[in-house]
Every structure is written in C-alpha cells, then in structure tokens.
There are 2 protein chains.
Amino acid sequence: MDSAVARERALDAAEELFYGRGVQSVGMDDVRGTSGVSLKRLYQLFPAKEQLVEAYLERRDARWRGQLAEYVERHEEPEERILAVFDWLGEWFGEPDFRGCAWLNAYGELGATSARVAGQVRAHKRAFRDYLASLVDAAGLPDALAGQLFLLAEGAMVTAGVTRSAEPAAEAREAARLLLRTT
Amino acid sequence: MDSAVARERALDAAEELFYGRGVQSVGMDDVRGTSGVSLKRLYQLFPAKEQLVEAYLERRDARWRGQLAEYVERHEEPEERILAVFDWLGEWFGEPDFRGCAWLNAYGELGATSARVAGQVRAHKRAFRDYLASLVDAAGLPDALAGQLFLLAEGAMVTAGVTRSAEPAAEAREAARLLLRTT
DNA sequence: TTGACGAGAGAACGAGCGTTCTCCTACCGT
DNA sequence: ACGGTAGGAGAACGCTCGTTCTCTCGTCAA
C-alpha cells in the first residue's frame with residue numbers, strides 16, 4: 001500500500017473515531033483496526049498520537065471551510081450569502097453522525113494539555129470569523145456585525161452539539177436576519 | 001475532621017482542579033493533595049471519581065445560577081435585567097481564573113463517555129435557557145427571543161473560553177440590545 | 001491501662017494505552 | 001534459488017491512574 005494511501009486511510013479512521021467518540025477514548029489500536037494500517041506504519045506516518053490529532057483537525061478544517069464557502073457561493077445576494085451560512089449549519093447539524101463542533105470538542109478535551117491543539121482551534125475559529133467578516137464587508141454592513149454573527153453561529157454549534165438537535169441553526173438564522181435588518 | 005467539612009474541602013479542591021486543568025488530567029491523588037482529605041475518606045464520600053465530578057458540577061450549577069440571578073435582580077427594568085445577564089457574563093469572563101464554561105468543558109471531555117455528566121450538562125443549559133425565557137416573558141417580549149439570547153450567551157461563553165478574552169460579552173450584549181429593539 | 005475502632009499515609013494492584021520490539025512472511029533483484 | 005529488506009501481526013514494555021489494601025498510630029470507653 002502506497003504511503004499516501006495509508007495516510008489517507010489513517011486520517012479517515014482517525015476522523016471517524018476521534019470525532020465520533022472523542023480523542024481520549026480512542027486508542028491507536030482502534031485507529032489501526034478501523035484503518036487497516038499497521039501500528040508500525042501509523043508511527044512512521046505520525047510519530048505520536050498528538051500529531052495524528054493535529055493532522056485530523058487540519059484536514060477537517062480545510063474541508064469544513066471549503067464546503068461552507070462552496071455552499072455560500074451558490075447564492076448571489078450578499079445578504080443571502082450571510083444567511084446561507086446558517087442554512088449550511090442547519091444541514092450539518094442534521095447529519096446523522098453530527099456530534100458538535102470538532103474543534104470545540106477537541107478544545108474541551110485537550111485544550112488544557114496540548115498547546116498545539118489549542119492553537120489550531122483558535123486558528124480555525126479565527127478563520128471562520130474572518131470569513132464571516134468578509135461576507136459582512138461584501139454586503140456593505142458594519143464590521144461589528146461580524147462578531148455578533150460569529151457568536152450566534154458558535155452558540156448554535158455548541159447547542160446543537162449538546163442537545164443533538166438542528167433547531168439552533170434556524171433560531172440563529174432568524175436572529176441574524178433581524179440583526180441584518182437593524183442596520 | 002467532620003464528614004461535612006471533608007466533603008466541602010474535597011469539593012473545593014475538585015472544583016479548583018477540574019475547572020482549572022480539566023477532569024482527565026487531574027488524578028484522585030491531586031484532589032487528595034490539594035484538599036488534604038485522605039484517599040480513604042475521599043472514596044467514602046464519593047465511591048468513584050465520576051461521582052465527584054457530578055457533585056462538583058451540581059454544586060457549581062447551584063452557585064452559578066444563584067449568582068447570576070442575584071446580579072440580575074439588582075436591576076429593576078425588565079429589559080435592563082436581560083442585558084444584565086451579559087454584563088454578568090462579562091465580569092465572569094474577566095476573572096483571572098476564567099477558563100470557559102465548566103459544563104461545556106466537561107461535555108467536551110466526558111460527554112461521549114459518561115451519560116450522567118452529559119445529562120447534567122443538558123440540565124444546566126436547559127435551566128439557563130429557561131431562566132432567560134422567564135426574563136423575556138417578564139418583559140412582555142416574544143418567546144422566540146429567549147432562544148436567540150441563549151445562543152448569543154452560549155457563543156460568548158465558548159468564544160471567551162477559547163480566546164481568553166472578555167470581549168465576547170460586550171459583543172453579545174450589543175447584539176441582544178439590537179434584538180430587543182426590533183420587537 | 002487496655003483493647004477496639006477509625007483514620008491517615010502510602011504502597012500495591014490492575015487496567016488501559018502510547019510506544020517499541022520481535023518474529024515471521026512475502027517479495028525483490030541477481 | 002537465495003539473501004536481504006520491508007511490512008504486518010501482535011506481544012511486550014513502561015507509565016499513568018483509579019481503586020483497594022496494609023500497616024501504623026491516635027483516641028476513647030470501660
């Protein structure tokens with residue numbers, strides 16, 4: 001098996017397991033079992049578990065933001081684009097294996113012990129916030145709105161994760177719509 | 001040492017350590033060292049670590065909601081009371097040992113493995129949401145607003161925790177103020 | 001004074017798991 | 001065919017930590 005293929009399979013398994021059951025309750029042996037990549041190979045690709053976690057978050061970050069942007073760009077109107085963010089969140093929340101925001105979960109588990117993971121979480125959130133700011137800016141709306149929309153989105157993610165419900169997305173969307181109207 | 005005293009000391013130590021460093025990275029031995037309560041006594045009071053965690057969350061829940069209500073009730077106007085929630089959050093975020101929402105942190109760490117902890121987190125969040133709903137109702141505002149304010153508060157807590165900043169409280173307060181005005 | 005009981009200190013036990021090592025097999029070039 | 005190498009399976013190692021056990025000491029009632 002090619003190294004690149006083994007790496008992808010390892011990351012696929014890591015993502016499924018870490019996201020689904022949490023990082024700490026998944027052992028490297030579980031990753032081997034799910035991926036079919038031997039321990040020796042796993043440790044060649046990722047010298048320690050923490051680096052596998054980092055790679056998992058990094059790859060997921062790229063995909064998550066990419067899919068969000070792709071969804072948003074299907075809309076023309078600048079204000080529609082902003083609301084589309086919350087529609088996309090709602091679709092995500094409704095997926096059967098949705099288990100909350102992967103970065104917030106990782107932060108809760110590892111933020112206190114792994115500075116690198118904590119940094120990745122902050123970077124991901126900053127990137128998401130910056131993306132919202134760019135949408136707000138493109139709509140000619142005041143900068144301060146971006147922070148408010150960000151808080152709504154974060155609140156929706158965390159609440160959807162804890163309650164296992166997609167409803168927070170609709171609530172956040174409605175709040176966002178009202179905030180857009182006040183300016 | 002009286003059993004009740006030992007219990008309080010154990011819970012004080014547990015709260016300081018669990019909240020400050022996370023549950024998983026604190027051992028029962030650390031709790032003994034900080035509290036001065038022997039392991040034997042600890043296990044008499046709390047037959048397993050999970051029950052110490054539950055007791056920690058339960059006691060903190062009572063205090064957290066009590067202090068919030070106390071702060072809010074210092075204000076007369078119904079709408080001022082709603083905004084006071086966010087002022088209180090801002091004061092909390094600014095405390096030097098603030099490390100995010102204890103329940104969301106616990107959920108990230110243990111939500112996937114401990115059904116009882118997950119249930120406590122949901123109960124705490126539901127109680128907070130219900131409290132917001134009672135404030136909204138007392139102000140004669142539409143029920144739907146409660147959910148939106150809740151999302152803003154949750155987003156502020158989570159963002160303040162990750163970024164170690166008190167600013168999200170002010171942002172959420174401003175968003176809340178705008179939402180109050182739209183109705 | 002003595003015997004019984006409770007409590008504390010800390011060693012001991014056992015499980016889980018990250019990481020490494022051993023052994024064996026299969027394939028490759030010559 | 002054969003020696004060498006890479007890779008896989010899984011045992012082994014070492015550490016952490018939740019939980020229990022042992023041993024000793026102090027206290028208190030009779």
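This passage describes the contact between the two domains of chain A and the protein surface around DNA strand D in a predicted model.

Chain A is divided into two parts, with domain 1 spanning residues 1–47 and domain 2 spanning residues 56–181. The centres of these two domains, taken over C-alpha atoms, are separated by 27 Å. Contact between domain 1 of chain A and domain 2 of chain A involves twelve residues from each. The area buried between the two domains is about 1,100 Å², and carbon and sulfur atoms contribute 48% of this area. On the side of domain 1 of chain A, the greatest losses of area to domain 2 fall to A:E15, A:Y19 and A:Q24. Together, these three residues account for 61% of what the domain 1 side buries.

Polar and charged interactions were also examined across this boundary. Five salt bridges are counted between domain 1 of chain A and domain 2 of chain A. A salt bridge joins the side chains of A:E15 and A:R59, with an N to O distance of 3.1 Å. A:E15 is thus named twice, being also among the residues of domain 1 that lose the most area to domain 2. Ten residue pairs in polar contact are found across the interface of the two domains, with both residues at pLDDT 80 or more. By class, the side of domain 1 of chain A that touches domain 2 of chain A comprises four nonpolar, four polar and four charged residues.

The surroundings of DNA strand D draw on both protein chains. From chain A, the residues around the strand are A:R32, A:S38, A:K40 and A:R41. From chain B, they are B:V26, B:G27, B:M28, B:L39, B:K40, B:Y43, B:A48 and B:K49. By class, this surface has five nonpolar, two polar and five charged residues. Of the atoms of DNA strand D within 4 Å of the protein, 59% belong to sugar or phosphate, and the rest belong to bases.

Individual atom pairs include approaches to phosphate and to base. An N or O atom in the side chain of A:S38 is 3.0 Å from a phosphate oxygen of DNA strand D. A phosphate oxygen of the strand also lies 2.7 Å from a backbone N or O atom of B:M28. For A:K40, an N or O atom of the side chain is 2.7 Å from a base oxygen of DNA strand D. The elements giving two or more residues to the surface near the strand are helix 3 (39–45) of chain A and helix 3 (39–45) of chain B. Helix 3 of chain B gives the most, with three residues.

How values were computed: Residues numbered from 1 in each chain as written. Chains lettered and ligands numbered in written order. Predicted model: local features only at pLDDT ≥ 70, side-chain atom pairs only at ≥ 80, totals over all residues. Heavy atoms only, no water. Domains from an automatic or database assignment. Contact = heavy atoms within 4.5 Å. Buried area = accessible area lost by both parts, 1.4 Å probe. Salt bridge = Lys/Arg side-chain N within 4 Å of Asp/Glu carboxyl O. Polar contact = N/O pair within 3.5 Å; in protein donor to acceptor, adjacent residues only side chain to side chain. Nonpolar A, V, L, I, M, F, W, Y, C, P; charged D, E, K, R; others polar. Near = heavy atom within 4 Å. Helix = DSSP H or I, 4+ residues; strand = E, 2+ residues; numbered from the N terminus.
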